[in-house]
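Dear colleague,

Please find below the sequence and the structure that I am handing over to you. My notes on the strands follow directly after them.

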Amino acid sequence: MAPSGTICKEVVKSNTASSDYHSPSADLESRNSPSRKAAAAHTGHSRVSSHNEVQELLECPVCTNLMYPPIHQCPNGHTLCSSCKARVHNSCPTCRNELGNIRCLALEKVAASLELPCRYQPLGCPDIFPYYGKLRHEQSCRFRPYNCPYAGAECSATGDIPSLVEHLKNNHKVDMHDGCTFNHRYVKDNVLEVENATWMLTVFNCFGRQFCLHFEAFQLGMAPVYIAFLRFMGDDNDAKKFNYSLEVGGNGRKLTWQGVPRSIRDSHKKVRDSLDGLIIPRNLALFFSGGNRQELKLKIAGRIWREQ
Ligand SMILES: [Zn+2]
Ligand SMILES: [Zn+2]
Ligand SMILES: [Zn+2]
Ligand SMILES: [Zn+2]
């Protein structure tokens, strides 16, 4: 047996019988699969345990992510994923031997025979996927957690909608309002500070759902502008069931915008950069504000309604 076959042989064995091989990264892997106990209850213990050990072998020992083809190995049989292979300068991270260009086809084939639950199973996703289809599903799984919609600072909080609503209230002190129509005032005294984008977030409870009203200054090409837009705390297919309008004016003039709220799956910046909202050139905003053109005093009126 060539030394390069070692690890693949063990993989095949552990797929047919419950072997007691444990990869050094077994502990890390179990973190990624909190769903195993639930799966065991359904499918019987022995099948699931061999399944799990194969799954552990599919975890890259360097970065701990699951490996997808091409899966590489060194002449001594140590496997690693293709993105790690590109980073290790042709030296096996485990034994320091020259890495070469050896693929572990057997492990790739064993992976193809696996079916695994979605990684969001603990959050409610009931689906089971072939190994190579799982990743694609997880990128759009409706149970995947949402990112915090607060735009002002880097916030790494994630969770379901009710927990993010609590998080916005408690951690970001965001104003919450009930109702599908609103009148919101934005006041800022130093209007020339467009670079340090002034931004604000208000959340509206309407139809039992939550909508984030964003307001901020940014530079559109050479022109300083303000933008106001609405994001929906939920998925895109639900966001599309709503419409909203925004209106701002003064001195007998008025700008209006009618749009569809964007899901918070779309980042704040993505929505802003696609200009999907009410855009107010700064000159016009100052004109609407009245007074000495040094202070921003905008009143934005809005309404949210359900698409019939
Ligand atoms: Zn890796
Ligand atoms: Zn090695
Ligand atoms: Zn899922
Ligand atoms: Zn946050």
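**A hairpin and other strand pairings**

I begin with the hairpin formed by β13 and β14: two residues lie between its strands, and Asn251 adopts a positive phi near 55°. Please bear in mind throughout that this is a predicted model.

The two strands of this hairpin, β13 (residues 242–250) and β14 (residues 253–259), run antiparallel and are joined by seven bridges. As an example of one such contact, Gly249 has Lys254 in β14 as its bridge partner.

Elsewhere, three strands form an open sheet in the order β2-β1-β3, and their pairing is antiparallel. The edges of this sheet are β2 (79–80) and β3 (102–103), each of which pairs on one side only. Between β1 (residues 72–73) and β2 there are two bridges, again in the antiparallel sense. Which residue in β2 is the bridge partner of His72? The partner is Leu80.

A further antiparallel pair consists of β12 (residues 223–232) and β16, with four bridges between them. Within this pair, Val225 stands opposite Pro281 of β16.

Strand β16 (residues 278–281) also deserves a look for its side chains, which alternate along the strand. Which of them are buried, and which are not? Leu278 and Ile280 point to one face and are buried. Ile279 and Pro281 point to the other face and are not buried. Pro281, the residue opposite Val225, therefore belongs to the face that does not meet the cut-off for burial, namely 20 or more other C-beta atoms within 10 Å of a residue's own.

With kind regards

Conventions
Residues numbered from 1 in each chain as written. Chains lettered and ligands numbered in written order. Predicted model: local features only at pLDDT ≥ 70, side-chain atom pairs only at ≥ 80, totals over all residues. Pairing = 2+ DSSP bridges. Buried ≥ 20, exposed ≤ 12 C-beta atoms within 10 Å, placed from the backbone.
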